[in-house]
Amino acid sequence: MPFTDLGLSDKVLQAVSAAGYTEPTPIQAQAIPHVLARRDVLGIAQTGTGKTAAFTLPMLTLLESGRARARMPRTLILEPTRELAAQVEENFERYGTNHKLNVALIIGGVSFADQDAKLTRGTDVLIATPGRLLDHFERGKLLLTGVELLVIDEADRMLDMGFIPDIERIVKMVPFTRQTLFFSATMPPEIERLADMFLHNPERVEVARPASTAETIVQRLVATGSEGHTKRERLRRLIRGAEELKNGIIFCNRKRDVAQLQKSLVSHGFAAAALHGDMDQRARMAALDAFRSGEMPLLVASDVAARGLDIPAVSHVFNFDVPHHPEDYVHRIGRTGRAGRAGHAFTLVSRSDGRSLQAIEALIGQQIAWMDGDLASLPEESDEAEPRSRHRGGRSGGTERRTRGKGAGEARGESRPRRSGGQRERGESAPRAQESRTHEPRVHEPAARVAEASPPREMRAKERREPEGDTPIGLGSHVPAFLLRPAPVKKER
Ligand code: AMP
């Protein structure tokens, strides 16, 4: 179906064709006519499906009639993270080039004054994260009684982040007669309840199974000891040996680990940026820009910060930790293999990750192949501190040599379907460690070689090389002069 059949205005159609899109994606084809007909929509779709344009394009068409009044936005889009909110704003800029609409971004980490000024001018589209929106409301700077259309995006992520009470408060401030568009990648019972509460007789549109992973992604598990430095060393070898690596996102479960891992990678000569929720907005944007532009080919990130980011061509995803929520696995690896491109997803797995891994495999309905031998092939001492020497050869080299020469099907790492989506009960056991599963010796180079190799040239940070090892390196006997300068101390009045 061409875009011209969806009922979008000429101005919007021109912008769509200027963006180079020829065909609507399935979520766009299904949702746009309902939005234009002023129906409520429940959209079950992940990022990467063209979901953002599924609401921005019809909103632009609807907004062509009417005018904004000061402090009374006409439409409101709620996003769980600042980055997602900024991406939606970019969509309005791209598709709204032929419109003269005022779009305001109300997110934390930037000045209230600029945001206030925008609200005062009158806003056609207000894109906000819940906390900052409520701050403005409480300061009496905002009235939501003029909102004709409300979008709640990434509802399941809002739930994960504890935003639901805020959302419920905000929805109460918006007129009952509004039109509501509600998007979520998954529909757990709590989200169903909210959808029932917020939507009036909605059209339900759904694309792809919520828990499906793209077939274009080669997924591999990598057995490792559970110590931080052992995992970091394993990750470095993985990156150095990865084929077709252009850029990659490395996910950690905890913000603290994001910062630590990024520093460690940089100290080993990799050009890596960090992205986590404790960074201020400017630093987050700078990290994202550096990653998007290729200046920093590696991005170490937490789930919340990276959720839904639109980074078109990520060749690799590395899970430094197995995510605790299986849905996060689907979202993480969904950063690669987008729009039919080939992608690679590697997950470091230690002995303590058994349950989380079971849950993931149950959710995606398939077993993920091991790259170089499963957990049973790890020597007992692998959870202990590894020798710091660069000439180890023992553990990993031995493991890799042992796994060579497996059967052809195993070598291709073919995954076997297990069950179609139904989630395994928490307590249900799966014979994991005993099962020697598939291997992919081609995926990286012999360990001895990669352990000695430096990062691929494109991954190398300029002027950043520091000695091997994760122990903090001090200044030795030399203290740079700038550290010895007396610090100016402000006098208390
Ligand atoms: P989203 O799911 O909104 O994050 O969009 C994912 C990517 O698909 C973005 O890079 C969009 O620019 C792109 N996109 C959106 N709609 C289309 C379309 N109809 N054809 C091709 N690409 C699209």
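Two strands are taken to pair when DSSP finds at least two bridges between them. The legends below apply this term to a predicted model.

**View 1. Strands E2 and E5 pair side by side in the parallel sense.** Strand E2 covers residues 75-78, and strand E5 covers residues 149-152. The two strands are joined over 4 bridges. Within this pairing, Leu 78 of E2 has Ile 152 of E5 as its bridge partner.

**View 2. Strand E2 also pairs with strand E4, again in the parallel sense.** Strand E4 runs over residues 125-128, and its pairing with E2 comprises 4 bridges. Here the bridge partner of Thr 75 is Val 125 in E4.

**View 3. Strand E2 is covered on both faces.** In a regular strand, side chains point alternately to the two faces of the sheet. In E2, Thr 75 and Ile 77 lie on one side, whereas Leu 76 and Leu 78 lie on the other. These four residues are all buried, where buried means under 20% relative accessible area.

**View 4. Strands E5 and E6 form a further parallel pair.** Strand E6 spans residues 179-184 and is linked to E5 over 4 bridges. Val 151 is placed opposite Leu 181 of E6.

**View 5. Seven strands make up an open sheet with parallel pairing.** Across the sheet, the strands follow the order E3-E4-E2-E5-E6-E1-E7. Its edges are strand E3 (103-106) and strand E7 (203-206), each of which pairs on one side only. Neighbouring strands of the sheet are turned against each other by 15° on average, direction ignored. In the strand order, E2 stands between E4 and E5.

**View 6. A shell of 14 residues lies around the ligand.** The nearest of these residues are Tyr 21, Gln 28, Gly 48, Gly 50 and Thr 52. By residue class, the shell divides into 3 nonpolar, 7 polar and 4 charged residues.

**View 7. Oxygen atoms of the ligand approach Thr 49, Gly 50 and Thr 52.** For Thr 49, a polar backbone atom lies 3.0 Å from an oxygen atom of the ligand. For Gly 50, the corresponding distance, again to a polar backbone atom, is 2.8 Å. At Thr 52 the side chain takes part: one of its N or O atoms is 2.5 Å from an oxygen atom of the ligand. On its own, the ligand has 500 Å² of accessible area, and the protein covers 79% of this area.

Notes. Residues numbered from 1 in each chain as written. Predicted model: local features only at pLDDT ≥ 70, side-chain atom pairs only at ≥ 80, totals over all residues. Heavy atoms only, no water. Near = heavy atom within 4 Å. Polar contact = N/O pair within 3.5 Å; in protein donor to acceptor, adjacent residues only side chain to side chain. Areas by Shrake-Rupley, 256 points an atom, 1.4 Å probe, with all protein chains shown as cover. Nonpolar A, V, L, I, M, F, W, Y, C, P; charged D, E, K, R; others polar. Buried < 20%, exposed > 50% of the residue type's maximum accessible area, 1.4 Å probe, protein only. Axes fitted to C-alpha atoms, helices over the stretch in contact; angles between N-to-C directions.
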